[in-house]
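Here is a short tour of one protein chain, written for reading alongside the model. Please keep the viewer open and turn the structure as you go.

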Amino acid sequence: MNPLAAEAIMALVFFGKDPNTDGDECPTAWVDDKNADMVLQGWKADEETEAECLTVGPIPGTEAVIRIPARMVPLIRKACDAAEQRSSELR
């Protein structure tokens with residue numbers, strides 16, 4: 001593995017996976033400990049959802065619309081709190 005990739009992976013603080021999926025291919029939440037960014041894995045949005053998002057503006061090739069289940073809100077909230085705390089520590 002590329003040392004830079006390993007370094008990036010090591011900086012992610014895992015918050016959890018969707019509790020109602022199989023544990024392998026699940027929406028997941030992390031916070032990057034180096035810069036406090038949230039990193040989210042979710043289901044790819046369907047064409048209808050993406051089309052609705054496009055009414056606000058284009059989706060650049062470097063971005064994606066993803067869907068995170070509502071049951072993950074408590075987990076995402078914990079990740080948001082951690083990201084906010086880490087961000088204030090980095091200032």
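## A helix with a buried side

Leu75, Ile76, Ala79 and Ala83 are the buried residues to look for in α3. They span an arc of only 90° around the axis, which places them on the same side of α3. An α-helix has 3.6 residues a turn, so residues three or four places apart point the same way. Turn to the face of α3 that looks away from this buried side and you will find the exposed residues Lys78 and Glu84. Bear in mind throughout that this is a predicted model.

What covers the buried residues of α3? The cover includes β1, β2 and β3. The helix, residues 73–90, lies across these strands and runs at about 165° to β1. With 18 residues, α3 reaches 25 Å from its first C-alpha to its last, close to the 26 Å expected at 1.5 Å a residue.

## The sheet beneath the helix's buried residues

The strands covering that side belong to an open sheet of 3 strands, in the order β1-β2-β3 and with antiparallel pairing. Because β1 and β3 each have a single partner strand, they stand at the edges, and one side of each has no neighbour in the sheet. From one strand to the next, the twist averages 20°. Strands of a sheet pair through backbone hydrogen bonds, either parallel or antiparallel.

| Strand | Residues |
|---|---|
| β1 | 12–17 |
| β2 | 28–32 |
| β3 | 38–41 |

Between β1 and β2 there are 5 bridges, and the two strands run antiparallel. To see one pairing up close, pick Lys17: its bridge partner in β2 is Thr28.

## A residue worth a second look

The loop between β2 and β3 holds Ala36. This alanine has a positive phi of about 70° although it is not a glycine. Most residues other than glycine have a negative phi. Is Ala36 buried or exposed? Its relative accessibility is 11%, so Ala36 counts as buried, the cut-off being under 20%.

## The whole chain

Stepping back, the chain has 3 helices and 5 strands. Read from the N terminus, its elements run α-β-β-β-β-α-β-α. Of its 91 residues, 22% count as buried. Among contacts in the chain with a separation of 6 or more, 45% come from residues 24 or more positions apart. The chain exposes about 6,700 Å², and carbon and sulfur atoms supply 54% of that area.

Note on methods
Residues numbered from 1 in each chain as written. Predicted model: local features only at pLDDT ≥ 70, side-chain atom pairs only at ≥ 80, totals over all residues. Heavy atoms only, no water. Pairing = 2+ DSSP bridges. Helix = DSSP H or I, 4+ residues; strand = E, 2+ residues; numbered from the N terminus. Axes fitted to C-alpha atoms, helices over the stretch in contact; angles between N-to-C directions. Contact = heavy atoms within 4.5 Å. Buried < 20%, exposed > 50% of the residue type's maximum accessible area, 1.4 Å probe, protein only. Expected span 1.5 Å × (residues − 1). Arc of directions from axis to C-beta. Areas by Shrake-Rupley, 256 points an atom, 1.4 Å probe, with all protein chains shown as cover.
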